[in-house]
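Visitor: Could you take me on a close look at a single part of this protein, the strand at its start and what surrounds it? I would like one connected account.

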Amino acid sequence: GKILLTGANGFVAAHILGLLLERGHSVVGTVRSESKADQLYSLFPSYKNFLSFAYVPNIEVPGCWDEVIKSTPFDYVLHTASPYSSAFSGTDLLDPAIEGTKGILKAIKQYGNTVKRVVITGSFASSINLAKGDWPGKVYTEEDWNPVTYEEALTGSWAVTYLASKTFAEKAAWEFLETEKPDFDITVLTPPMVLGPVAHYVDSLENSNESTKLIWDLMNGSKETVPATIFWLYVDVRDLALAHILAFEKQEAGNQRILVTGPGNWSFQKAANILREIPEIRHLVPEGNPDEEFPKGGVHKSDVSKSVRLLGIEYRSMETSLVDTARNLLAVEKRL
Ligand code: NDP
């Protein structure tokens with residue numbers, strides 16, 4: 001079928017794009033500019049006939065999706081584009097997330113009557129309750145919502161604003177479904193921190209992607225100490241990408257919010273311990289307190305049974321995910 005993939009040049013989207021093309025789909029990707037399209041063509045040279053691009057320089061602009069939605073009878077839309085960068089703050093984080101989501105749903109309702117489902121890359125950001133901190137004993141499920149207010153989003157730290165941008169964007173999507181009753185349905189995937197090898201175009205490991213940079217910084221010799229952990233959950237980008245495909249292939253995934261998280265908990269200390277098992281980088285990774293991967297009192301967990309039931313995903317372990325990430329980043333460094 002014909003698929004629209006927004007933010008096609010992103011870290012998560014490049015993995016989704018690879019899977020879509022491998023599975024024989026024709027894809028239109030939205031990117032901000034022609035140079036980003038060229039970079040993607042260079043990554044997928046053998047799929048030129050199955051891949052084209054539409055330019056949407058800023059997803060918060062009203063009507064920005066109309067042209068691309070009118071251009072092609074899409075079967076499915078995968079909406080990944082959303083600002084995830086410390087370069088943006090305040091309404092520059094909030095507006096593209098929220099208006100981008102509302103805008104694409106509106107355009108599809110108006111001009112995209114072939115679209116059967118919209119899969120939205122949400123975030124665990126919209127479930128987490130930051131004020132509860134480690135919250136030992138808590139098991140997060142799809143029932144949980146981040147209680148952040150718009151006021152807090154405007155006045156809080158970058159993390160608070162980013163988490164809120166994803167929360168309000170997702171709320172806007174469900175509200176749209178409720179009030180507008182479109183012919184298509186929606187699936188929202190809510191991944192926590194995403195780890196894994198990079199498949200997108202990277203010209204500098206310093207500004208590849210926010211979550212990738214967390215791993216790169218832990219293994220490039222720049223950290224003397226192991227950073228404090230605030231978020232305790234992770235998922236591998238390859239599992240998340242597959243979840244996007246399964247989310248439109250599986251009928252039962254329609255109108256569902258689905259938590260996609262890897263097994264066990266993430267912490268920087270656990271990551272450091274795993275990375276220090278890799279001989280080439282052992283001396284570059286801070287040692288910290290190897291015996292204290294998690295606070296003594298424990299931390300919250302997540303229940304992924306819904307994703308396993310509806311999508312049938314088998315999640316990669318953190319060891320696999322991190323070792324693959326490290327090997328990949330070392331290879332990228334060598335190439336650059
Ligand atoms: P990237 O920064 O790599 O990708 C984000 C994409 O969105 C890029 O294509 C970017 O374009 C595009 N984009 C952002 N703002 C705008 C805008 N105003 N106008 C047009 N395009 C825009 O991030 P990820 O791949 O990590 O994130 C993808 C999705 O996954 C996002 O929705 C994010 O919230 C979600 N997510 C990511 C997590 C993670 O740990 N990585 C965790 C949980 C959810 P450009 O590159 O040109 O700026």
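Guide: Happily, and one definition will help us later on: a residue counts as near a molecule if its C-beta atom, placed from the backbone, lies within 6 Å of it. Please keep in mind that this is a predicted model.

Let us begin with strand S1, which covers residues 2-6. Of its 5 residues, 4 are buried, so the strand is largely enclosed by the rest of the structure. The cut-off behind that statement is 20 or more other C-beta atoms within 10 Å of a residue's own.

Now look to either side of S1. Strand S2, residues 26-31, pairs with S1 in the parallel sense, and 5 bridges link the two. Within this pairing, Leu 4 faces Val 28 of S2. Strand S4, residues 76-79, also runs parallel to S1 and is joined to it by 4 bridges. Here Leu 5 has Leu 78 of S4 opposite. As a general point, the side chains of a regular strand alternate between the two faces of the sheet.

What connects S1 to S2? Helix H1, residues 11-22, lies between them in a right-handed β-α-β unit. H1 has 12 residues, and the distance from its first C-alpha to its last is 18 Å, close to the 16 Å expected at 1.5 Å a residue. Its buried residues are Phe 11, Val 12, Ala 13, Ala 14, His 15, Ile 16, Leu 17 and Leu 20. In an α-helix, with 3.6 residues a turn, residues three or four places apart point the same way. After H1 comes Gly 24, which has a positive phi near 85°.

Stepping back, we can place S1 in its sheet. The sheet is open, has 7 strands with parallel pairing, and follows the order S3-S2-S1-S4-S5-S7-S10. At its edges are strand S3 (51-55) and strand S10 (256-259), each pairing on one side only. Neighbouring strands are turned against each other by 20° on average, if direction is ignored. Helix H4, residues 91-111, packs on this sheet and touches S1, S4 and strand S5 (117-121). The direction of H4 makes about 170° with that of S4.

Towards the S10 edge, strand S7 (residues 185-190) runs parallel to S10, and 4 bridges join them. One pair to pick out there is Val 188, whose bridge partner in S10 is Arg 257. Just before S7, the loop that follows helix H6 (158-180) holds Lys 181. Lys 181 counts as exposed because it has 8 C-beta neighbours inside 10 Å. Its C-alpha is 13 Å from that of Arg 117, although the two are 64 residues apart along the chain.

Finally, back to the ligand, where the opening definition comes in. There are 27 residues around the ligand, and those that come nearest are Gly 7, Gly 10, Ser 82, Pro 96 and Ser 211. Two elements, H1 and strand S8 (193-195), give two or more residues to this shell. The largest share, 3 residues, comes from H1. So our walk ends with the helix that joins S1 and S2 in the right-handed β-α-β unit.

Methods
Residues numbered from 1 in each chain as written. Predicted model: local features only at pLDDT ≥ 70, side-chain atom pairs only at ≥ 80, totals over all residues. Buried ≥ 20, exposed ≤ 12 C-beta atoms within 10 Å, placed from the backbone. Pairing = 2+ DSSP bridges. Right-handed = clockwise from strand over helix to strand, strands pointing away. Expected span 1.5 Å × (residues − 1). Axes fitted to C-alpha atoms, helices over the stretch in contact; angles between N-to-C directions. Contact = placed C-beta atoms within 7 Å.
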